[in-house]
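Good morning, and thank you for the time on today's agenda. I would like to take the group through one structure, moving from its salt bridges to its ligand shells and then to a few details of the backbone.

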Amino acid sequence: MKNEKLLYLETFGCQMNVSDSEKIASMLGEIGYSLTESHEEADLIILNTCSIRAKAEQKLYSLLGRFRELKKRNERLIVGVGGCVAQKEGRRLLRKVPFVNIVFGTHNLHLVADMVSAAEQGHRLVHVDFIDNDTRLDLFPKADGGGAVARFVTIMQGCDNYCTYCIVPYVRGREISRRSEDILDEIRTMAANGTREVTLLGQNVNSYGLKSPGECDFPRLLHTVASIDGIERIRFTTSHPKDLSPSLVSCFAEIPKLCGHIHLPAQSGSDAVLAGMERGYTRGDYLAKIEALKKARPDIQITGDIIVGFPGESEEDFQQTLSLLREVEYADQFSFIFSVRKETRAAGFADTVPYREKQERLSRLQQLQKGITLERNRSLVGTVQEILVEGKSRKGDQMFGRTDGNRIVNFTGDSSLAARIVPVRITRAFQNSLLGELQNEPGGGIHA
Ligand code: SAH
Ligand code: SF4
Ligand code: F3S
């Protein structure tokens with residue numbers, strides 16, 4: 001047997017899955033697997049899947065189709081499926097795809113290494129049981145101790161909101177807040193190893209701690225994270241508008257390390273559609289919160305998510321969404337056509353909008369947002385932005401980083417700038433990024 005075993009790991013879906021994949025890679029590293037970019041040479045293939053929309057799920061099956069040949073050529077190849085499709089399909093996946101060796105759900109990450117070891121001995125296994133919250137607190141997967149400049153830190157799992165269209169509560173289980181002392185320990189280790197920016201991660205971080213007796217709430221957690229030496233920037237995602245409290249809004253005025261960006265998905269600008277989605281706020285509530293945020297941090301950048309073609313959405317409802325985009329002036333927007341997930345309540349709603357109409361609405365919405373984004377990017381030309389330098393950009397002679405408001409900036413500079421916060425004058429604006437020039441501070445130095 002070879003000493004070094006190779007793992008090909010492909011991740012779909014949200015940041016939660018990306019973070020889970022980091023943890024999977026680190027746990028499998030402990031039993032001798034190192035990452036490869038090539039599925040052809042892999043001894044183990046793991047697909048960490050997403051089921052948020054039907055298309056995301058189809059991707060898994062088309063990839064598995066491609067791996068069938070590999071498995072024929074190499075009998076020892078182990079194929080594992082994790083994440084949200086694995087959670088939903090469970091044992092069915094083993095039946096549907098006979099060459100899959102292991103299936104692990106979203107609460108079973110901690111079993112991955114043992115499952116792979118069993119698969120090496122020829123076993124086929126499925127672990128998709130949800131674990132009750134008390135036990136889960138002890139099983140919360142930990143991030144590796146690496147010190148990348150900007151890292152994500154999971155502070156919550158699951159979701160209790162049950163928006164009528166959404167599968168997440170069914171595949172991620174009940175909402176649970178990780179212990180704040182564990183979160184802080186993890187961030188301190190990251191900071192000691194070179195991390196400068198953390199993004200606190202959960203499906204709805206605003207409700208952090210509220211269901212855990214004795215635990216602090218989210219604004220308190222932000223203040224404590226801000227007191228950790230070495231951490232220069234803090235972000236969080238995702239926020240549910242209904243739980244955006246006045247004390248969280250105040251954090252944007254009170255905590256200099258908290259970046260001026262918030263991802264606050266509205267989903268729709270129409271009260272009728274918001275009620276059908278059971279989002280728990282009206283357009284008016286949402287706009288009042290946006291106003292408060294802009295008051296607390298006048299340069300705040302707002303991004304969001306929109307679903308078009310929700311069952312019953314009329315042209316008038318859709319116009320309300322377009323006008324919301326103009327009113328909020330989002331820096332950017334992720335937008336999707338409503339996808340029926342049969343486990344959810346909206347699957348039972350009468351879907352009155354023809355698919356062509358949905359496609360048209362999506363493209364009208366995206367056109368509008370593109371214009372707003374470009375205009376906002378252009379308004380930054382000539383300004384000097386503080387950039388946390390993350391690394392070399394795809395163009396070899398440039399470095400890249402993000403503004404406080406989360407826009408990507410490429411600029412001429414060398415690797416010695418990595419992990420520092422430097423002033424960059426914005427010279428050009430594109431749709432998805434900005435171009436800039438490194439500025440020398442008065443006195444000649446560049447501040448770190
Ligand atoms: N917890 C986050 C969202 C996670 S899912 C929140 O509440 O904001 C990411 C996005 O996928 C959602 O914001 C929504 O816009 C989109 N989405 C979820 N279910 C969908 C569905 N059935 N069809 C289309 N888009 C969906
Ligand atoms: Fe899904 Fe709603 Fe929970 Fe977000 S808050 S994950 S959209 S159920
Ligand atoms: Fe997808 Fe699961 Fe995230 S469904 S969006 S990977 S929580």
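Let me begin with a term: a residue is called buried if its relative accessible area is under 20%, exposed if that value is over 50%, and partly exposed in between. Asp160, with a relative accessible area of 17%, is therefore buried. Please keep in mind throughout that this is a predicted model.

Asp160 leads directly to the salt bridges. The structure holds 32 of them. In one, Asp160 is paired with Lys211, and the closest N and O atoms are 2.8 Å apart. Lys211 sits in the loop between strand E10 and helix H9, while Asp160 sits in the loop between strand E8 and helix H7, so this pair ties together parts that are 51 residues apart in sequence. The two partners differ in their surroundings: Lys211 has 52% relative accessibility and counts as exposed, whereas Asp160 is buried.

A second salt bridge joins Arg233 and Glu197, with 3.8 Å between the closest N and O atoms. Arg233 belongs to strand E11 and Glu197 to strand E10, so parts 36 residues apart in sequence are tied together here. Are these two residues buried or exposed? Both Arg233 and Glu197 are buried.

The third example is the salt bridge of Arg364 with Glu315, where the closest N and O atoms are 2.7 Å apart. This pair links distant parts of the chain, namely helix H14, which holds Arg364, and helix H13, which holds Glu315; the separation is 49 residues. Arg364 is partly exposed, at a relative accessible area of 31%, and Glu315 is also partly exposed, at 31%. Beyond such pairs, salt bridges with shared partners join Glu57, Lys88, Glu89, Arg92, Lys96, Arg341, Lys342 and Glu343 into one network.

I turn now to the ligands. Which residues surround ligand 2? They are Cys159, Asn161, Tyr162, Cys163, Tyr165, Cys166, Val168, Pro169, Gln203, His240 and Arg279. By class, this shell consists of seven nonpolar residues, three polar residues and one charged residue. Around ligand 3 we find Cys14, Asn17, Cys50, Ser51, Ile52, Cys84, Arg172 and Gln203. The shell of ligand 3 divides into four nonpolar, three polar and one charged. Gln203 appears in both lists.

Next in sequence comes Asn204, which lies in the loop between E10 and H9. At 3% relative accessibility, Asn204 counts as buried. Leaving aside residues up to four places away in sequence, Asn204 touches Met156, Asn161, Thr238, Ser239, His240 and Asp243. With His240 there is a close approach of polar atoms: the backbone nitrogen of His240 lies 3.2 Å from a polar atom of the Asn204 side chain. Asn161 and His240, both touched by Asn204, are also among the residues around ligand 2.

Thr238, another contact of Asn204, brings us to the backbone. The peptide bond that runs from Thr237 to Thr238 is cis, with omega near 0°. Thr238 itself is located in the loop between E11 and H10.

Helix H10 spans residues 246-254, and in it Leu248, Val249, Cys251 and Phe252 are buried. Why do these four share a side of the helix? They cover an arc of only 140° around the axis, which puts them on the same side of H10. As a general point, an α-helix has 3.6 residues a turn, so residues three or four places apart point the same way. The buried residues of H10 pack against helix H9, strand E11, strand E12 and helix H12. On the face turned away from that buried side, H10 carries the exposed residues Pro246 and Ala253.

I close with two residues that are not glycine and yet have a positive phi. Glu278 has a phi of about 55°; it is found in the loop between helix H11 and H12, and it is partly exposed, with a relative accessible area of 45%. Asn406 has a phi of about 80°. The loop between strand E16 and strand E17 is where Asn406 is placed, and at 22% relative accessibility Asn406 counts as partly exposed.

Thank you for your attention.

Technical notes: Residues numbered from 1 in each chain as written. Chains lettered and ligands numbered in written order. Predicted model: local features only at pLDDT ≥ 70, side-chain atom pairs only at ≥ 80, totals over all residues. Heavy atoms only, no water. Buried < 20%, exposed > 50% of the residue type's maximum accessible area, 1.4 Å probe, protein only. Helix = DSSP H or I, 4+ residues; strand = E, 2+ residues; numbered from the N terminus. Arc of directions from axis to C-beta. Contact = heavy atoms within 4.5 Å. Near = heavy atom within 4 Å. Nonpolar A, V, L, I, M, F, W, Y, C, P; charged D, E, K, R; others polar. Salt bridge = Lys/Arg side-chain N within 4 Å of Asp/Glu carboxyl O. Polar contact = N/O pair within 3.5 Å; in protein donor to acceptor, adjacent residues only side chain to side chain.
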